[in-house]
Amino acid sequence: MTFRPARFTDIQRSGPPTTANGLEWTVRLSAQPPEEWLAFFQKDGDGNVSSGARWAVNVQSVELRLSSSPDDLPRTVENIDQRIGRANDDYRHWLSEAHRQSDERRRG
């Protein structure tokens, strides 16, 4: 039997944010992210878990729910896009490292 590594397709924002009240927003995602991906998403650019952020994220199904004023929304969406990109990169690296370690264990 040949080992086949798990495949990962980048998570993307699927369209603009929507709101019912102008403060709570929903952003659709292209797929349900793995738990490890979510952990990377919650970290800031320095690798620290965000605290005191102006927006909070909860993932339900394939949506991000966040809080933002309409004036801050463009900056918030840009921040989300950056975090999604960083989480994709970090998750892909983590997955690659897990495969490398698994290969080493099998050879050892």
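In what order do the elements of the protein run from the N terminus on? In this predicted model, the elements follow the order β-β-α-β-β-α, giving 2 helices and 4 strands in the protein. The mean pLDDT of the protein is 82, and 79% of the residues score at least 70. Confidence varies along the chain, being highest in strand 1 (residues 18-19), at 94, and lowest in strand 3 (residues 58-60), where the mean is 62.

The protein comprises 108 residues, of which 30% are buried. Its accessible surface amounts to about 7300 Å², and carbon and sulfur atoms account for 47% of that area. When contacts between residues at least 6 apart in sequence are considered, 62% of them join residues at least 24 apart.

Helix 2 covers residues 73-107, and its length can be checked against its residue count. Because a helix is expected to span 1.5 Å a residue, the 35 residues of helix 2 should extend over 51 Å, and the distance of 50 Å between its end C-alpha atoms agrees with that expectation. The buried residues of this helix begin with Leu 73, Thr 76, Val 77, Ile 80, Arg 83, Ile 84 and Ala 87, and continue with Asn 88, Tyr 91, Leu 95, His 99 and Ser 102. An α-helix has 3.6 residues a turn, so residues three or four places apart point the same way. The partners against which the buried residues of helix 2 pack are strand 2 (24-28), helix 1 (35-42) and strand 4 (63-67).

The largest nonpolar core contains 17 residues, and those touching the most other members are Phe 8, Trp 37, Phe 41, Leu 64, Ile 80, Ile 84 and Tyr 91. At least two residues of this core are supplied by each of strand 2, helix 1, strand 4 and helix 2, with helix 2 providing the largest share, 7 residues. In soluble globular proteins, nonpolar side chains tend to be buried together.

Ser 68 lies in the loop between strand 4 and helix 2. Its relative accessibility is 7%, and Ser 68 therefore counts as buried, since the cut-off for that class is under 20%. Beyond its neighbours within four places in sequence, Ser 68 is in contact with Gly 22, Leu 23 and Trp 25, as well as with Leu 73 and Thr 76, and these last two residues, Leu 73 and Thr 76, are themselves among the buried residues of helix 2.

How values were computed
Residues are numbered from 1 along each chain as its sequence is written. This is a predicted model: local features need pLDDT of at least 70, side-chain atom pairs count only at pLDDT 80 or more; totals for chains, interfaces and linings use all residues. Side-chain values use heavy atoms; hydrogens and water are left out. The expected span of a helix is 1.5 Å times one less than its number of residues. Buried means under 20% relative accessible area, exposed over 50%, partly exposed in between (1.4 Å probe, protein chains only). Contact means heavy atoms within 4.5 Å. Accessible areas come from the Shrake-Rupley method with a 1.4 Å probe; for residues, only the protein chains shown count as cover. A nonpolar core is a set of buried Ala, Val, Leu, Ile, Met, Phe, Trp, Tyr and Cys residues joined through side-chain atoms within 4.5 Å. pLDDT is the predictor's confidence in each residue, from 0 to 100.
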